[in-house]
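These are my notebook entries on a structure I was asked to look through. I set down what I looked up and what I found.

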Amino acid sequence: MQAEELGWPTKRESLKKVYLFLYNLWQFVGFIYVISVMSTRYLRDGPESMEGTYEAVGWMMHLCLMTQFLEVLHSLTGYTKGSVFEAIVQVGGRGIIFFCLIEGEERMQTKPVIFYLFLVWSLIELVRYPYYLLRVYDVELSFITWLRYTIWIPLYPLGFIFEGVVILRDIPYFDETGKYSVALPNKWNFAFHFPTLLRCYLLFFFFPAMYKMMNHMYHQRIKKLGPTSWKKKFA
Amino acid sequence: PGTHWREVMEIEKLDIYNAKSGKFVTSLYGLKSTSTILDVKKSVQQQKTVLHPGRQEVRLEQKGKSLQDSDVLQKLGIRSDSKLYVKDLGPQIGWKTVFFAEYAGPMLLYLWIYQRPWLFYGDKGHSSPISLCTHIAAGCWTFHYAKRLLETQFVHRFSHGTMPLFNLFKNCTYYWGFTAYVAYHVNHPLFTPPSNLQLYAALAAFLLCEFGNFSIHMALRNLRPPGSKERKIPYPDSNPMTQLFNAVSCPNYTYEFGSWVAFTVMTQCLPAGMFALAGFYQMAVWALGKHRSYKKDFKNYPQRKAILPFLL
């Protein structure tokens, strides 16, 4: 009690920080693993290594992406700042791509786009988690901060494109297997055609979503790094 | 003590500032202390014709509360050289126009899909007969929206004349989108109706809720005489359906939700259930807001919930 009055953090606050630190560390290590295995395989076998990517690291991706759902809870309980909606969109979007579109269709798992997609996702996370790790204890290394708020510029569009490729190439497979689709007649008079939803996403939501995401990150960057940091160098 | 009339004074110059940017826009001349905010808006419009009064919001402070059209300048403490802020609310559209688009659209769209057009069902459109349930559902849907159209024309009294144009697209997408979604399933050749008992019981509930909703609209209309701005606590009147006022602040929304639950049970259709839930969410938000505002304005506001008796 006295300690609290003196300004020391409560036991609960300390435990919370330890938890968040461990969470971010676990995720960071997971993605280091993914990148390491993928790089080693590529250095050894070149482009031929891409086919076995899911087989080699898919399980670790699965683990990391499952744990990532916790980030929604972190936001909800106030453990982290940031909106719940954003967390849901980020984690949910990745979740659908990975759990439904990749794990749900074996023929997708051996395609080279998986290599590229996992690479981009991992690179993004390899910057995001260290940034959060430091933030838990209110530390900011300017280089990490700069990376976190800059690397999305090439990586987010690439991520979107690779996700788009996965969706596009999966449509005929889901048309054939009928997975995740519900047909009439049934007791609840409900029909759902998954491939049609995928087509609608690509036609109507893909570009607007990418635009909104990029715009959002751009404004965050300005808030964090100040307007066009490169201008200062060349001014 | 109390107000006393001073002689009418000229307000030689009134400075108008843009509420969004805070910058000076123009000065108005020739207003009086007995002029109203509406007179200010008309004067602004004389300088910029596109800004009709319905499109302007006038404030005393840049981020202050909106002033009423009927507010008198003298009572607001405005004298010559005073500052007022004006916000452009964007292109406006009349409430009645919006409601007709939002209600006529769903009604006609549903009736079109009821015909099982080729565009939605292909050649299989006429592969099976239309069930009694589907006929009744089409009747209920039409009845609901026809009732809304008539109420918009004859019953409702609107406090604002207009709303932002963007709302029209947003709301129409919602109404027309859901209409197509529900209608597609209920009118489908492979639609499976529930038992007749369920059908008729739900139909009765639907009609009861529609009548309840109408009763509340009439009671609310009678609460405020035309032209008055008086706000009163709504209480039950001679119509037994209005007893629900004793339990909730917004029984019209309660009945509306009831109608859509009944429609869902009648058709045993999950999309209809989704529509009922989506509507409930929006109405709950409105009801909670209204409930809060009632409690703030009336110290003696009775113990009620907002939309669901005993629950919410």
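Which residues of chain B form one aromatic cluster? I note first that the model is a predicted one. The cluster is made up of B:Tyr103, B:Tyr110, B:Trp141, B:Tyr145, B:Tyr174, B:Tyr175, B:Phe178, B:Trp260, B:Phe263 and B:Phe275.

**Entry: aromatic pairs**

I searched the whole structure for aromatic pairs and obtained 47 over all chains. I looked up one in chain A, that of A:Tyr54 and A:Phe98. Their ring centres are 6.4 Å apart and the planes meet at 45 degrees, so I entered the pair as tilted; a stacked pair would need planes under 30 degrees apart, and an edge-to-face pair over 60. I then traced where the two residues sit: A:Tyr54 belongs to helix α3 (residues 53-68) of chain A and A:Phe98 to helix α5 (residues 84-102) of chain A. The pair thus links distant parts of the chain, 44 residues apart. I checked burial for both partners. A:Tyr54 has a relative accessible area of 16% and is buried, because the cut-off for buried is under 20%. A:Phe98 is also buried, at 0%.

I next turned to two members of the chain B cluster, B:Tyr103 and B:Tyr145. They form a tilted aromatic pair, with 6.4 Å from centre to centre and 50 degrees between the planes. B:Tyr103 is in helix α2 (residues 95-114) of chain B, and B:Tyr145 is in helix α4 (residues 132-154) of chain B, so the pair ties together parts 42 residues apart in sequence. I recorded B:Tyr103 as buried at 9% relative accessibility. B:Tyr145 is buried as well, with a relative accessible area of 0%.

**Entry: charges over rings**

In chain A I found the charged end of A:Lys16 over the ring of A:Tyr79, at 5.4 Å from the ring centre. I also noted A:Arg128, which lies over the face of A:Tyr129 at 4.8 Å from the ring centre.

**Entry: chain A overall**

How many helices and strands does chain A have? I counted 11 helices and 0 strands. I recorded a C-alpha trace that spans about 65 × 50 × 40 Å along its principal axes. Of the 235 residues in chain A, 41% are buried.

I then examined how two of the helices pack. Helix α2 (residues 11-45) of chain A and helix α7 (residues 112-136) of chain A have axes 8 Å apart, at an angle of about 150 degrees. That angle makes α2(A) roughly antiparallel to α7(A), because the term applies to angles over 145 degrees. The crossing of α2(A) past α7(A) is left-handed.

From the unreviewed UniProt entry I copied the feature "transmembrane region", placed at residues 20-39, 59-77, 114-134, 146-168 and 188-211 of chain A. I looked up two of these spans in the model. Residues 59-77 of chain A are 95% helix and 0% strand, with their end C-alpha atoms 29 Å apart. Residues 114-134 of chain A are 100% helix and 0% strand, and their end C-alpha atoms lie 30 Å apart.

**Entry: chain B, annotated domain and one lysine**

For chain B, UniProt (unreviewed entry) lists "domain: Ubiquitin-like" at residues 12-86. I found this span to be 15% helix and 32% strand, with 19 Å between its end C-alpha atoms.

Is B:Lys296 buried or exposed? I entered B:Lys296 as exposed, with a relative accessible area of 63%. I located B:Lys296 in helix α8 (residues 270-297) of chain B. From B:Lys296 to B:Gln68 I noted 19 Å between C-alpha atoms, the two being 228 residues apart in sequence.

Methods. Residues numbered from 1 in each chain as written. Chains lettered and ligands numbered in written order. Predicted model: local features only at pLDDT ≥ 70, side-chain atom pairs only at ≥ 80, totals over all residues. Heavy atoms only, no water. UniProt positions renumbered as here; feature names shortened; annotations may be inferred. Helix = DSSP H or I, 4+ residues; strand = E, 2+ residues; numbered from the N terminus. Phe/Tyr/Trp six-rings, centres within 6.5 Å; stacked < 30°, edge-to-face > 60°. Buried < 20%, exposed > 50% of the residue type's maximum accessible area, 1.4 Å probe, protein only. Lys NZ or Arg CZ within 6 Å of the ring centre and 35° of its normal. Axes fitted to C-alpha atoms, helices over the stretch in contact; angles between N-to-C directions. Parallel < 35°, antiparallel > 145°, perpendicular 65-115°, else oblique. Left-handed = near helix turned anticlockwise from the far one by under 90°.
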